[in-house]
Amino acid sequence: MAQVTVSIDGKQYRMACDEGQEEHLIDLAERFDRYVSHLKDSFGEIGDQRLTVMAGIMVMDELSELQKRVKGMESEVLTLRKTRDDALTKADKNDSVLTNALGALAQRMEDLTSTLAVKS
């Protein structure tokens, strides 16, 4: 198990993570630190625990909004897939009808050719 040291609000925290995940953990800590810094700039010194809770709530709010967007996009993708499938089914039916019509036309032309050949 790998270990990294991250900084949140100027304080160092040693954390464990899976091998290869060090940079990801550092990036997450930096992003979280930006939330804490933003709150500290807005509200001043209101206590580490309160800042951390508020930053956590902000992160969860952002996550909630992103989850709503993902659900909306998933619904849109399902609608688009259904529309595509319906269009493909309709195109297949149209192709079948056209193929049958062309086959019947070709047969009529052959029959007409045979009839004309017999009359000549």
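In the hairpin of β1 and β2, which residue takes a positive phi? The residue is D9, with phi near 55°, and the hairpin has two residues between its strands. The structure discussed here is a predicted model. This briefing covers the hairpin, the helix α1, the largest pocket and two C-alpha separations.

**The β1–β2 hairpin**

- Strand β1 comprises residues 2–8 and strand β2 residues 11–17, and D9 belongs to the loop between these two strands.
- The pairing of β1 with β2 is antiparallel and runs over seven bridges.
- Within this pairing, V4 is placed opposite M15 of β2, and T5 is placed opposite R14 of β2.
- The side chains of β1 alternate along the strand. On one face are A2, V4, V6 and I8, which are buried; Q3, T5 and S7 point to the other face and are not buried.
- The two partnered residues of β1 named above therefore point to opposite faces: V4 belongs to the buried set, whereas T5 does not.

**The loop residue D9**

- D9 is a residue other than glycine, and its phi is nonetheless a positive value, near 55°.
- The relative accessibility of D9 is 16%, so D9 counts as buried, the cut-off being under 20%.

**Helix α1**

- For the 22 residues of α1, a rise of 1.5 Å a residue gives an expected span of 32 Å. The C-alpha atoms at the ends of α1 are 31 Å apart, which agrees with that expectation.
- Six positions in α1 are listed as buried, namely L25, A29, D33, Y35, V36 and L39.
- Viewed down the axis of α1, these buried residues fall within an arc of 155°, and they therefore line one face of the helix.
- The face of α1 turned away from the buried side carries E23, R34 and D41, which are exposed.

**The largest pocket**

- The volume of the largest pocket is about 200 Å³.
- Its lining consists of L28, R31, F32, Y35, V59, E62, L63 and L66.
- Two helices, α1 (22–43) and α2 (48–119), each supply at least two residues of this lining.
- Classified by residue type, the lining of the largest pocket has six nonpolar residues, two charged residues and no polar residues.
- Y35 appears both in the lining of the largest pocket and among the buried residues of α1.
- V59, another lining residue, is found in helix α2. V59 has a relative accessible area of 29%, so it is classed as partly exposed.

**Separations between C-alpha atoms**

- V59 and L28 both line the largest pocket. They are 31 residues apart along the chain, and their C-alpha atoms are separated by 11 Å.
- A16 lies in strand β2, and its relative accessibility of 47% means that A16 counts as partly exposed.
- A16 and V118 are 102 residues apart along the chain, and 93 Å separates their C-alpha atoms.

Definitions and conventions: Residues are numbered from 1 along each chain as its sequence is written. This is a predicted model: local features need pLDDT of at least 70, side-chain atom pairs count only at pLDDT 80 or more; totals for chains, interfaces and linings use all residues. Side-chain values use heavy atoms; hydrogens and water are left out. On a 1 Å grid over the protein atoms alone, a cavity is a set of points where a 1.4 Å probe fits but cannot get out, and a pocket is an open set with protein on both sides within 12 Å along at least five of seven lines; lining residues have an atom within 4 Å of a point. Grid points are joined across faces, edges and corners, and a volume is the space filled by probe spheres set on the points. Helices (H or I, at least four residues) and strands (E, at least two) are DSSP runs, numbered from the N terminus. Ala, Val, Leu, Ile, Met, Phe, Trp, Tyr, Cys and Pro count as nonpolar, Asp, Glu, Lys and Arg as charged, and the others, Gly among them, as polar. Buried means under 20% relative accessible area, exposed over 50%, partly exposed in between (1.4 Å probe, protein chains only). Two strands pair if DSSP finds at least two bridges between them. The expected span of a helix is 1.5 Å times one less than its number of residues. The arc is that of the directions from the helix axis to the C-beta atoms.
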